[in-house]
Amino acid sequence: MKHDKTFQIAATGLIAALSYVVFTFLQIKITLPGGDATSIHLGNAVCVLGALLLGGTCGGLGGAIGMTIGDLLDPVYVIYAPKTFILKFCIGLITGLIAHRIGHITHTADRSHILRFTLLSGGAGLLFNAIFDPLFGYFYKLLILGKPAAEVVLAYNIASSSINAVTSLIVASALYMALLPALKKSGLYLKLS
C-alpha cells in the first residue's frame, strides 16, 4: 500500500478511536483525596502501538487526540485535557523517533532487532510519561489550579503512571510483534523513512 496522506489520516483516526475506547472503558479509576482521581489504563499502549505502526507524529497525535477526548468527556479529568494532549503526543514522538529514526525497524527483517528497538523505544516514551505526568500534574495542580493537596496526590500519580508504563510496554510490544507478519503479508505495513 502506498504511503499516502489519506491512509495516514484514516489510520491516525483509528488510533485515536482505539485509545479513546481503551482509556475510557477499560480503566480502573482510583479516587484520591480532595476529589481528585487517577487511573490504571492501557491508553498509553495504544499510543505506543500507533507510533510503532505509523511513526511518532501520527501515532502520537492519534493517542493524544483519543485520550484528550476521553478527558474532555469525563467530569473528573476534564481540567487535565491540555496536559494529557501534550504528554501523550510526546510519548508518540519519542517512541517514533527511537523506533524509526534510530532503530529503523521498518527497514529490517531481523525480528530480534525489531523486538529490541520496540522495547527500547516504547520504554523510552513510557518512561518519559512516567516521570513527567506526575511532575507536570503536580505543578499544574499547584500553580494553575491552586490545589494545596498536590503533594498528597503526587505519590499516587507516580505509582499509577509507573504501573501504566510497565503494562503498556508489555501490551504494545506484544501486539506490535504479533501484528507485524500479518501487516507485511497484507501489504498494509508502512515503510517509514
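This is a short group-meeting talk about helix packing, cysteines and a few single residues in a predicted model.

Okay, hi everyone. Some ground rules before we look around. Because the model is predicted, local features need pLDDT of at least 70 and side-chain atom pairs count only at pLDDT 80 or more, while totals for chains, interfaces and linings use all residues. Residues are numbered from 1 along each chain as its sequence is written, and side-chain values use heavy atoms, with hydrogens and water left out.

Let's start with helices. When I say helix, I mean a DSSP run of H or I with at least four residues, and the numbering goes from the N terminus (strands would be E runs of at least two). Two packed helices are described by the angle between their axes and the distance between the axes. The axes are lines fitted to C-alpha atoms, for helices over the stretch in contact, and the angles run from 0 to 180 degrees between N-to-C directions.

First pair: how do H1 and H3 pack? Helix H1 covers residues 5–25 and helix H3 covers residues 56–72; their axes are 7 Å apart, at an angle of about 40°. That makes H1 and H3 oblique to each other. On this scale, under 35 degrees is roughly parallel, over 145 is roughly antiparallel, 65 to 115 is roughly perpendicular, and the rest is oblique. The crossing of H1 past H3 is right-handed, meaning the near helix is turned clockwise from the far one by less than a right angle; anticlockwise would be left-handed.

Who touches whom? Contact here means heavy atoms within 4.5 Å. From H1, the residues include Ile15, Ala16, Ser19 and Phe23, and on the H3 side you'll find, among them, Gly59, Gly62, Gly63, Gly66 and Gly70. The residues of this H1 and H3 contact divide into nine nonpolar, nine polar and one charged. For that split, Ala, Val, Leu, Ile, Met, Phe, Trp, Tyr, Cys and Pro count as nonpolar, Asp, Glu, Lys and Arg as charged, and the others, Gly among them, as polar.

Now over to helix H2, residues 43–54. The axes of H2 and H4 come within 8 Å and cross at roughly 40°, and that crossing is right-handed. In H2 we have Asn44, Cys47, Val48, Ala51 and Leu52, and they meet H4 residues including Lys88, Ile91, Gly92 and His100. The mix for H2 with H4 is six nonpolar, five polar and one charged.

H2 also packs with helix H6, residues 150–186, at an angle of about 40° with the axes 8 Å apart. Again, H2 passes H6 in a right-handed crossing. On the H2 side, the residues include Ala45, Leu49 and Leu53, while H6 brings, among them, Val171, Leu175, Tyr176 and Leu179. This time the contact residues are 11 nonpolar, three polar and no charged.

Next up, cysteines. How many disulfides are there? Zero, where a disulfide is a pair of cysteine sulfur atoms within 2.5 Å. And why does Cys47 have no bond? Because the closest cysteine sulfur, in Cys90, is 9.6 Å from the sulfur of Cys47, which is too far. For Cys58, the closest cysteine sulfur is in Cys47, 12 Å away, so that's too far as well.

Cys47 is buried at 0% relative accessibility, and Cys58 is buried too, at 16%. Buried means under 20% relative accessible area, exposed means over 50%, and partly exposed is in between, using a 1.4 Å probe and protein chains only.

A few single residues to finish. Thr84 sits in helix H4, residues 81–102, and is buried at 10%. Leaving out residues up to four places away in sequence, Thr84 touches Met67, Thr68 and Asp71.

Is Leu53, in helix H2, buried or exposed? Buried, at 19%. Leu53 and Thr106 are 53 residues apart along the chain, with their C-alpha atoms separated by 8.9 Å.

Contrast that with Ile9 in helix H1, which is exposed at 61%. Its C-alpha is 34 Å from that of Ala159, 150 residues along the chain.

Last one: His104, in the loop between H4 and helix H5 (111–145). Most residues other than glycine have a negative phi. His104 is not a glycine, yet has a positive phi of about 50°. With a relative accessible area of 40%, His104 is partly exposed.

That's my tour, thanks!
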